[in-house]
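Work through the exercises below with the sequence and the model at hand, and try each task before reading its solution.

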Amino acid sequence: MKQLLYHSRLIFFSILLTATACQKGDNYPGPNANIQGALLDAVTGEPFQSEQPNGFRMKWTELSYGSNVQPDYFWGMQDGRFNWNYAFGYAGSKYEIVPVEGAFVTPEPQTFSLAAGENAKLDFKVIPLLHIQETYTLSGTELTVNYMVTRPEGSGNGALQTSRVLISDKTTYIGIANQGGFVDALSSPQHPLAEEELGKTLTEKITLQSGKTYYMRVAASVVNPSGRTNYTPVVTITVP
């Protein structure tokens, strides 16, 4: 019985010491700064269109921490914006940030310092791999989508893949890689893009239902290391 009490006391004091050590070890300041900005189309000046998640990532590295620091990553938003509320600002800090893994030519990184409580705003101009221009008309329940795909200067010559009109009656977060990001039965079939179609108007006709609201955008892709897709902005279509 005495041995049992002795061992019970040892376990109790071990737990107490561990909890105290954890409290002391966690007594560090939390994140106290913010990084935000946007990707802009270098040709049009418009917000770069992507999807969320799986559209593009922001790679940022705390250079002032040392020479062998591993970079951190966070996802960008569908409309090209990015925001990170978990940065550390302090005197003498030095960071590097660059958008990566998107359907664009990766730009040069930007370096910046970050003070405690600071909100750093950084924009990037990027060259999309493809440009897509889209117009649509609605006649009764028939939706006609006209779109044109081109390559911006400086975007490279990746092999063309497919284009598609994507439609959802459930979400505005439309994307190829976003599970549930479009309704296959509502969207047009995949169209294999050919070089001779660049700069020409392509047309898709889709029948919708009366009294419903839909969300639509056009997607097009070329072969790229991250497997990303270019998009038009999401538009809302209400069928009377």
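**Exercise 1.** Determine whether Phe74 and Phe82 are buried or exposed, and then classify the geometry of their ring pair.

*Solution.* In this predicted model, Phe74 and Phe82 are both buried. The ring centres of Phe74 and Phe82 lie 6.3 Å apart, and rings count as a pair if their centres lie within 6.5 Å. The planes of the two rings stand at 50 degrees, so the pair is tilted.

**Exercise 2.** Place the pair in its wider aromatic setting, and describe how Trp60 and Tyr95 are arranged.

*Solution.* The structure holds nine aromatic pairs. One of them joins Trp60 and Tyr95, which are tilted at 35 degrees between the planes, with 5.5 Å from centre to centre. This pair links distant parts of the chain, since Trp60 belongs to strand 2 (residues 57–62) and Tyr95 to strand 5 (residues 95–100), 35 residues apart. Trp60 has a relative accessible area of 6% and Tyr95 one of 0%; because buried means under 20%, Trp60 is buried, and Tyr95 counts as buried too. Ring pairs connect Trp60, Phe74, Phe82, Trp84, Tyr86, Tyr95, Phe112 and Phe124 into a cluster.

**Exercise 3.** Identify the rings over whose faces Arg57 lies.

*Solution.* Arg57 lies over the face of Tyr73, at 4.0 Å from the ring centre, and also over the face of Trp75, at 5.8 Å from the ring centre.

**Exercise 4.** Work out the strand order of the four-stranded open sheet.

*Solution.* The order is 4-1-8-6, with mixed pairing. Strand 4 (81–87) and strand 6 (104–105) are the edge strands, each pairing on one side only. Strand 1 (residues 33–41) and strand 8 (residues 119–128) pair in the parallel sense over eight bridges, and Asp41 has Val126 in strand 8 as its bridge partner.

How values were computed:
Residues numbered from 1 in each chain as written. Predicted model: local features only at pLDDT ≥ 70, side-chain atom pairs only at ≥ 80, totals over all residues. Heavy atoms only, no water. Pairing = 2+ DSSP bridges. Helix = DSSP H or I, 4+ residues; strand = E, 2+ residues; numbered from the N terminus. Phe/Tyr/Trp six-rings, centres within 6.5 Å; stacked < 30°, edge-to-face > 60°. Buried < 20%, exposed > 50% of the residue type's maximum accessible area, 1.4 Å probe, protein only. Lys NZ or Arg CZ within 6 Å of the ring centre and 35° of its normal.
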